[in-house]
Amino acid sequence: MHLDLAALRYLMLAGRGGGGAVAFLIFVFLAFPRNARAVPSFARQTGMPCSQCHTLSFGPALTAYGRQFKLNGYTFGEGEHPMPLALMIQGGFSRSDAAQPAAPVPHFSNNDNISLDQVSMFVGTRISEHIGMLGQATYSGERRHFNWDNTDIRYARPMSLFGTDAVVGISVNNNPTVQDLWNSTPAWGYPYINSPLVPAPAANPIITGALAQVVVGATAYTMIHDHVYLEAGMYRSLSDRWLNNVGLYSSSNPNLSGGAPYWRAAYQFTRGEHGEHYFSVGTFGLDVKVQPDPTVPDKNRFTDLGFDAVYQYTGGGPGAILANASYIHEKQDLTATFNAGGSDNPTHHLNVFRLDASYAYRQTWSAGVGVFDSRGGTDLTFYAAAPLTGSNNGSPDSRGYTLQVECVPLGKIDSWGRPWVNLRLGLQYTGYLRFNGGTSNYDGSGRSASQNNSQFLFSWMAF
């Protein structure tokens with residue numbers, strides 16, 4: 001789990017929460033072997049290769065079948081049912097155009113790092129006819145620590161709703177948007193993998209990972225006539241005791257005040273003689289109240305409202321196209337932070353736009369490009385100047401682009417070791433036109449945005 005500076009400021013932090021849903025989620029997670037993302041155990045369960053569900057043999061981006069598999073609670077299965085374990089390993093070589101002022105984390109240098117970033121164990125399995133789960137526990141090579149990670153337990157069944165076919169279900173999960181079917185929402189967004197050892201902008205909406213694994217929630221959803229998707233639910237903080245149990249410690253408690261409502265709506269449709277053109281448009285959101293100091297009644301409130309769209313082309317030929325777009329507006333009420341002297345203004349806003357497109361050839365080669373643009377209100381105290389993470393002019397504005405090329409030599413229908421042996425190799429380049437509010441001297445120490453441009457040569461394996 002990675003929390004950037006904005007997340008730490010949002011959660012300023014240190015609470016109480018939980019309930020019966022927490023106990024249920026922890027019990028189910030601990031009662032089964034651990035398993036995230038594209039897992040070979042699901043391929044054995046369905047009797048199909050990983051490429052049946054994923055646009056590039058394996059990885060987060062889902063095909064139409066993959067969305068149906070997740071929608072129906074991970075319960076499809078005509079294949080073998082061995083122990084539902086899987087393993088994922090990610091790592092590589094990271095470099096920024098100029099060395100960072102200090103090492104990004106202990107035990108690493110301020111540039112040119114070779115790292116084992118993540119080792120994850122998964123359980124991906126059908127538990128019963130209508131219940132399935134995808135659970136993940138991760139060892140971080142940077143933090144040298146093991147903790148639970150993205151977990152989604154689902155109950156789903158088809159039924160007739162309003163006189164038409166529908167699927168209805170419940171998701172119990174620990175990361176808002178991790179249960180989503182589309183790759184245009186934060187948990188599974190492009191570029192799907194990144195290095196934790198290169199600079200990244202400080203400011204992000206709270207829905208983009210600040211609550212990942214430190215909350216638990218339940219949402220109810222339905223897909224009506226395979227077109228209209230509706231979902232709503234609530235998240236609460238994990239208690240200090242449960243955070244310690246799952247390896248995250250009480251210091252990471254977000255101290256949510258009450259429940260945090262989450263909502264999602266989308267409309268999907270296909271065009272073309274064989275439905276080769278797929279479209280979806282939707283909206284999603286989260287409303288969070290945070291009490292930074294449990295002994296003081298003042299609260300901060302973050303209301304995120306997002307819009308997204310997806311296009312996929314799968315024309316039956318060797319090539320496929322995937323494009324995603326999203327826009328998130330966050331309204332920030334910083335009453336608690338302002339009263340404690342942590343900001344110059346009691347209210348703020350943050351707007352983040354993302355657009356990406358990828359082309360995959362024979363599910364072996366892929367090239368993608370993404371652009372991002374975040375803009376928000378100026379606050380010299382809240383966005384205090386600091387090496388890499390701060391802003392000399394109090395602005396969170398950042399914009400840039402990501403280029404990525406990949407090869408998947410193992411993990412296709414005719415590959416050696418299918419479906420257990422999967423390998424993905426890639427090169428990612430991130431360029432910044434603006435970083436933390438400036439193009440030059442953004443931190444007050446003479447560092448420019450372009451000095452944070454970075455390269456990440458990565459290897460992504462799943463077994």
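**Group meeting: a walk through the predicted model**

Okay, so what have we got here? The protein has six helices and 16 strands. Keep in mind as I go that this is a predicted model.

Let's do confidence up front. The average pLDDT across the protein is 86, and 84% of the residues come in at 70 or higher, that is, at least 70. Now, where does pLDDT stay under 50? That's residues 1–37. The model still gives that stretch 123 contacts beyond four places in sequence, and I'd just like you to have both of those numbers together when you look at it on the screen.

Next, the overall picture. We're looking at 463 residues, and 56% of them are buried. On the outside, the protein exposes about 18300 Å², with carbon and sulfur atoms supplying 60% of that area.

Now let me zoom in on some strands. Start with strand 1, residues 85–96, and strand 2, residues 113–126: they run antiparallel, joined by ten bridges. If you want a spot to find by eye, go to S94, which sits opposite N113 in strand 2.

Strand 2 also pairs with strand 3, which covers residues 131–140. That pairing is antiparallel too, over nine bridges. The spot to look for here is G124, standing opposite L134 in strand 3. And how many residues does the hairpin between strand 2 and strand 3 run through? Four.

So if you click along from strand 1, you go by ten bridges to strand 2, and then by nine bridges to strand 3. That's my tour, thanks, everyone.

Definitions and conventions. Residues are numbered from 1 along each chain as its sequence is written. This is a predicted model: local features need pLDDT of at least 70, side-chain atom pairs count only at pLDDT 80 or more; totals for chains, interfaces and linings use all residues. Side-chain values use heavy atoms; hydrogens and water are left out. Helices (H or I, at least four residues) and strands (E, at least two) are DSSP runs, numbered from the N terminus. Buried means under 20% relative accessible area, exposed over 50%, partly exposed in between (1.4 Å probe, protein chains only). Accessible areas come from the Shrake-Rupley method with a 1.4 Å probe; for residues, only the protein chains shown count as cover. Two strands pair if DSSP finds at least two bridges between them. pLDDT is the predictor's confidence in each residue, from 0 to 100. Contact means heavy atoms within 4.5 Å.
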